[in-house]
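Please look through the sequence and the model below before reading on. The paragraphs that follow start with one chain, move to a contact between two others, and end at a single helix and its surroundings.

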Amino acid sequence: MTTTSMPTPSHLDQAGSEFCLELENVGISYGGNEAVRGVYMQIPRGKVTAFIGPSGCGKSTVLRALNRMNDLIEGCTIKGRVIFDGQDLYAPQVDPVEVRRRIGMVFQKPNPFPKSIYENIAFGARINGYRGDMDELVERSLRKAAIWDETKDKLKESGYALSGGQQQRLCIARAIAIEPEVILMDEPCSALDPISTLKIEEMMHELKKSYTIVIVTHNMQQAVRVSDMTGFFNVTPKADGDGKVGCLEEFAATETIFNAPTQQATQDYVSGRFG
Amino acid sequence: MSFSVAPAPSAEGSSGFSRASLRFSPGLSRNRWNALFTAVAALFALCAVLPLLLVLGYVLVKGGSLISFGLLTQLPPPPGLDGGGIGNAILGTIVVTLVASLVAIPVGVGGGIYLSEYSRSGWFAQFVRFGTNVLAGVPSIICGVFVYGLIVSTRLFFGQSYSAMAGGLALAVLMLPTVIKTTDEALKLVPQELRWGAIGIGASRFVTITRITLPAAFTPIATGVVLGIARAAGETAPLIFTALFSPFWPESLFSPIATMSVLIFNFAIMPYEAQNALAWAASFVLVVMILAANLFARWLGRFARA
Amino acid sequence: MAVVDPSDLFALRRRPAREKLVDQGFRQLSVLLASIVGLVLLGILLTVLGGAHQAMAAFGLRFITASDWDPIANHYGAFTAIYGTLVTSVLALFIAVPLGVGTAIFITENLIPLWIRQALGLMVELLAAIPSVVLGLWAIFVMEPFLRPLLEALHQSLGWLPFFSTNPQGPGMAPAILILVVMILPIITAISRDSLQQVPPELRQAAYGVGTTRWGAILRVILPAAVSGITGGVMLALGRAMGETMAVTMIIGNSNNFSLSLLAPGNTISSMLANQFGEADGFQVSALMYAALVLMLLTLVVNVLAQWIVRRLSLKYS
């Protein structure tokens, strides 16, 4: 190996299942309060999968279960299995920190570290033991996140000096700098203006060539624009009539969900919103 | 006393309420009451700040006029003699406060990290929080009694009884709750998103805390710690029978040591004017140090917000 | 060009055992450090109990009711000191509460320009920073001589009351009470101010909206809404006053002879400890430890009560 050229992530070419993440009967509760139940789902590799649904349907909860971010919430318990790389992420011997190194995450609110732009990128790479050329990695990540031109002259400035949309792209750059196999995005554009949103959507089309992306969005047009697969989550009253619980209503190709859904609830939701 | 609607000059209409003029009239009973209450509150506020002005005035004038290079560097004179200084007591206060800080800051910050980063609501965290509040309410003299019973009377350190180390530990017990609370509260102010950001790119808890959360909370923690140190430096009660006093330069951490606060206590009740004067001088040095630390902490806090 | 697998570039993608060890170790360390609080509390309790048990066995509850403190005959009753502790702190509280709450109102309501309010607030906070021993020094040399003619006049005119029945001779309970007022004023003011500032502005607007005057709003709406915080602050101040040592020790006269008169010298538990602990040995240490235990229990009850009151009242008003 002589050069660290743009690594075409070989995991995309890996033989094996065409599915990247598989959820088997996943149910999540917060301190005894059931939030989501009975989710079965096979998320394909190298595609963009969108989660849509009304608020409180548990789509963000499920997303956060995919890289064990829910571990940080006290009293959060999960049932069922989440299979990644042939392994249940919730098996006792699994190290959640390693999981998050391979499944990165971008959050709803831009959350750059109070460090320079350069350090924001380099921090994650360093804790992942990156051995290559750091300058090159920073540039490459910022380029992929379509923010290199805006930041190349001020890499030493604080990440907070950027606008909201730029901060979010910086956070995406930070996530891809550690070369994860999957990137989870939790309503990444909800705090941004339309132009920043457009930039991030364009970027996602580029990113899906190298990564599997799962995105939660409350914006159905966005789901149509960026995703290949869509999961529609819904809230249903519990069987015993005590409160409500989220569940996966329908999961199919985005086209199917928006044009020919099989479930009435999906039909109502997608058409109701487009009205 | 009454805040009722103004006395009705004439009941007009059928509404049952009087229609008085809109013009402000100072003679109205409600306006008289208002003025009276304002005056009383102002008087109370004056009474509250008067002691500070008087104490500061006396300490600065009476103590400040005595300050000289010799006073800051010499040993106190034997009883009955003039001259001398408080050099050993200044050094002793620094040594004892340093010992206290070196013990209380790591323990307190570590405890605060546990409360805020590892367990916010578990039973152990609840217990530690309750214990911290109880410890904060323990009278400072009890801290002295505790260290006396644990270290001084048992001669725990190399067979020594009274020692700088014992005094420092007594002050550390006093500082501990302040440091824990400060750290706990400062870390809680760090936005949760920042933690997620680090965890989300595969940082361990250790890396997240030491590289992201703790630096983000540094200024409020530092502010609280500086205030805690300033308070400890002026404490006397825990020192009188742990660090004791010494008319000589400090020999080691394990022998009795002079401190400014104990010097003030001992010398204030002596019937010698030279000693009384040294007590005023030590008060001056102590108050200036403590007020400087307070103002520094305030500046630090404001600096962080800007 | 070779295609590079990211796992080659990121050496720590698989976390080495060392890193996991550090992570785990740090957690364990923080648990250990947090548990030191409990250990210290336990240590304090055991030390004081262990030291006191001899005197407890010898005197039992008589220790609290008897007022003889005789190190030569080894007879100990701490009533004078317990009485002194309670009387000085409660009377100081009676004076300090109106002053402190009034000051807090004065510096939170916009009765005067902002900069004056900020200056007053800063001064009260700095007053809290002045060491108690310095206040004691000031009390001995400035306050008490200034006060003596006033106290003498009090004795002349109201001497028929048992509380003013002795001629003031310098140190005594009355100057100790006043210096305690100075010491607890900042706590009461600071906590009252915080509580007043936390009253939601909507409440105030509602009061003004129905036509109350400024003081009508303060006394009937704002103060009741802030009462939980203020009460908590007052209780904390009471705890602080009972445990306060240095300034009181320097000015109270340290007499173990019981007297109802506030103008006579008296004693508090903490000043007795400060005065005698260094020179005591044998049985006297045990008696002092017993007194320390009583002080600890008193302050513990007050502090726990303070937290309980705050929790109850804040439920009522939230």
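What radius of gyration would a compact globule of 275 residues have, and what does chain A have? The model is a predicted one, and in it chain A has a radius of gyration of 19 Å, which agrees with the value near 19 Å that a compact globule with 275 residues would have. Taken along the principal axes, the C-alpha atoms of chain A fill a box of roughly 60 × 45 × 35 Å. Chain A holds 10 helices and 10 strands, and 46% of its 275 residues count as buried. If one takes the contacts in chain A between residues at least 6 apart in sequence, 71% of them join residues that are at least 24 apart.

We can turn next to chains B and C. Here 72 residues of chain C are in contact with 68 residues of chain B. On the side of chain C that touches chain B, the helix that gives the most is H2 (residues 17-59), with 20 residues. By class, that side of chain C divides into 46 nonpolar, 22 polar and four charged residues.

Within this pair of chains, one helix contact can be followed in detail. Helix H3 of chain B (residues 87-118) packs with H2(C) at an angle of about 110 degrees, and the two axes are 7 Å apart. Because angles of 65 to 115 degrees count as roughly perpendicular, H3(B) and H2(C) are described as roughly perpendicular to each other. The crossing in which H3(B) passes H2(C) is left-handed. From H3(B), the residues that take part are B:Val107, B:Gly110, B:Gly111, B:Ile113, B:Tyr114, B:Leu115 and B:Tyr118, and in H2(C) they meet C:Arg27, C:Leu29, C:Ser30, C:Val31, C:Leu33, C:Ala34, C:Ile36 and C:Val37. The residues of this contact of H3(B) with H2(C) comprise 11 nonpolar, three polar and one charged.

A second helix pair lies within chain B itself, where helix H7 (residues 192-200) and helix H8 (residues 205-216) pack at an angle of about 155 degrees with their axes 10 Å apart. Since an angle over 145 degrees counts as roughly antiparallel, H7(B) and H8(B) are roughly antiparallel to each other. H7(B) passes H8(B) in a right-handed crossing. To this contact H7(B) brings B:Leu194, B:Arg195, B:Ala198 and B:Ile199, while H8(B) brings B:Val207, B:Thr208, B:Ile212, B:Thr213 and B:Ala216. Sorted by class, the contact of H7(B) with H8(B) has six nonpolar, two polar and one charged residues.

What, then, covers the buried residues of H7(B)? These buried residues are B:Arg195, B:Trp196, B:Gly197, B:Ala198, B:Ile199 and B:Gly200, and their cover includes H8 of chain B together with helix H2 (96-102), strand S6 (103-106) and helix H6 (164-177) of chain A.

One residue of this helix, B:Gly197, can serve as an example. B:Gly197 has 27 other C-beta atoms within 10 Å, and because 20 or more are enough for a residue to count as buried, B:Gly197 is buried. Leaving aside residues up to four places away in sequence, B:Gly197 touches A:Phe107, A:Asn111, A:Phe113 and A:Cys171. By contrast with these contacts, B:Gly197 and B:Leu72, which are 125 residues apart in sequence, are 52 Å apart in space, C-alpha to C-alpha. H7(B) is followed by B:Gly202, whose phi is positive, near 85 degrees.

Key
Residues are numbered from 1 along each chain as its sequence is written. Chains are lettered from A and ligands numbered from 1 in the order in which they are written. This is a predicted model: local features need pLDDT of at least 70, side-chain atom pairs count only at pLDDT 80 or more; totals for chains, interfaces and linings use all residues. Helices (H or I, at least four residues) and strands (E, at least two) are DSSP runs, numbered from the N terminus. The radius of gyration is taken over C-alpha atoms; the globule rule is 2.2 Å times the number of residues to the power 0.38. A residue is buried if 20 or more other C-beta atoms lie within 10 Å of its own, exposed if 12 or fewer, and partly exposed in between; C-beta atoms are placed from the backbone. Two residues are in contact if their C-beta atoms, placed from the backbone, lie within 7 Å. Ala, Val, Leu, Ile, Met, Phe, Trp, Tyr, Cys and Pro count as nonpolar, Asp, Glu, Lys and Arg as charged, and the others, Gly among them, as polar. Axes are lines fitted to C-alpha atoms, for helices over the stretch in contact, and angles run from 0 to 180 degrees between N-to-C directions. Angles under 35 degrees count as roughly parallel, over 145 as roughly antiparallel, 65 to 115 as roughly perpendicular and the rest as oblique. A crossing is left-handed if the near helix is turned anticlockwise from the far one by less than a right angle, and right-handed if clockwise.
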